[in-house]
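Please read the following account alongside the sequence and the model, moving from the backbone to the side chains and then to the nucleic acid.

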Protein chains: 2
Amino acid sequence: MKATETIAALGALAHDTRLEAFRLLVQRGPDGLPAGVIADRLKVLPSSLTFHLQQLAHAGLVTQRRVGRQLFYAADFNAMNGLVAYLTENCCGGTASCAPACAPAETGKARKSDRRSA
Amino acid sequence: MKATETIAALGALAHDTRLEAFRLLVQRGPDGLPAGVIADRLKVLPSSLTFHLQQLAHAGLVTQRRVGRQLFYAADFNAMNGLVAYLTENCCGGTASCAPACAPAETGKARKSDRRSA
DNA sequence: AATTCATTTCGATATTTGGTGAAATGTCGT
DNA sequence: ACGACATTTCACCAAATATCGAAATGAATT
């Protein structure tokens, strides 16, 4: 991931509504949610939500697909992956020093028990 | 780290000059750099740099300390740590699924050979 | 206390961003 | 083809952000 894309992604997430929307989509998994549901949950006007979802989409963080008359949005985990990778690699002191949230390097305790698709 | 702080941090990093400045400070380590040097490296006017450094400082990503007549800025690794933690925990599918940048759990291939400064 | 250096503050201005509601688009069911 | 529904597009406005240069502040040197 290049710096330009990173900036786009950071900027896209740097907003209350958008961060919330993205978190919702991440929770929901690859299936995503229709715009209406998101707008409803987040209590924002549909036109406003479209604006924010487009920001996320333009930054490559979410994808869009039509299902009937609904538009489903889903988090792009690959993009998020790239963002976190960029941050840990470039903004965390070389290669390490900011990786405590994910480091399961210790031999035992692999916590892979969150397979929920909701 | 709360969502509000996260948004502040994301917004602070979501800018060309600021991301570059922060990366520079991260590279430099805890000692940091005086404002003048940063402005020089980044080719921005001092007044402009102050503005951006303040954004970073306000977001808690950098700290300031005076040394003689210079003001040294340094990256706050703890804050960055918290940011990455928040993202991996809240925006990466529960607890895992976005942690390949830091997971050296696999026995072999640890690629720590990308020391490019661009 | 006057000068110089490093940095910040200030004021003006251009640009971008975010929010709103009304209209337009696309899709389905009949 | 028509009407209902889901979502987007548009036009407008307010507020935040970015940039610039000039002036002000703080610290060191003489």
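In chain A of this predicted model, strand β2(A) is joined by six bridges to strand β3 (residues 70–75), and the two run antiparallel; helices (H or I, at least four residues) and strands (E, at least two) are DSSP runs, numbered from the N terminus, and two strands pair if DSSP finds at least two bridges between them. Within this pairing, A:Arg65 has A:Phe72 of β3(A) as its bridge partner. The wider arrangement in chain A is an open sheet of three strands in the order β1-β3-β2, with antiparallel pairing. Its edge strands, each of which pairs on one side only, are β1 (33–34) and β2 (62–67) of chain A.

Residues are numbered from 1 along each chain as its sequence is written, while chains are lettered from A and ligands numbered from 1 in the order in which they are written. Because the model is predicted, local features need pLDDT of at least 70 and side-chain atom pairs count only at pLDDT 80 or more, whereas totals for chains, interfaces and linings use all residues, and side-chain values use heavy atoms, with hydrogens and water left out.

Helix α2 of chain A covers residues 16–28, and its 13 residues, at 1.5 Å a residue, should span 18 Å, which agrees with the 18 Å between its end C-alpha atoms; the expected span is 1.5 Å times one less than the number of residues. Buried residues of α2(A) include A:Leu19, A:Phe22, A:Leu25 and also A:Arg18, where buried means under 20% relative accessible area, exposed over 50%, and partly exposed in between (1.4 Å probe, protein chains only). The helix is followed by A:Gly29, whose phi is positive, near 90°.

How many salt bridges does the structure hold over all chains? There are two over all chains, a salt bridge being a side-chain nitrogen of Lys or Arg within 4 Å of a carboxyl oxygen of Asp or Glu. In one, A:Glu5 is joined to A:Lys2, with the closest N and O atoms 3.7 Å apart; A:Glu5 is partly exposed at 37% relative accessibility, and A:Lys2 is exposed at 55%. In chain B, B:Glu5 forms a salt bridge with B:Lys2, with the closest N and O atoms 3.6 Å apart; here B:Glu5 is partly exposed at 36% and B:Lys2 is exposed at 54%.

Cysteines give another result: the count is zero disulfides over all chains, a disulfide being a pair of cysteine sulfur atoms within 2.5 Å. B:Cys91 is in no disulfide, since the nearest cysteine sulfur, that of B:Cys92, is 6.6 Å away. B:Cys91 is buried, with a relative accessible area of 0%, and A:Cys92 is likewise buried at 0%.

Turning to the nucleic acid, DNA strand C is surrounded by 23 residues, the closest being A:His52, B:Gly36, B:Thr50, B:Gln54 and B:Tyr73; a residue is near a strand if one of its heavy atoms lies within 4 Å of it. Of the atoms of DNA strand C within 4 Å of the protein, 75% belong to sugar or phosphate and the rest to bases. A phosphate oxygen of this strand is 2.6 Å from a polar backbone atom of B:Gly36, and one lies 2.2 Å from a polar side-chain atom of B:Tyr73. The elements giving two or more residues to the surface near DNA strand C are α4 (46–58) of chain A and, in chain B, α3 (35–42), α4 (46–58) and β3 (70–75). The largest share, five residues, comes from α4(A).

Definitions and conventions
Polar contact = N/O pair within 3.5 Å; in protein donor to acceptor, adjacent residues only side chain to side chain.
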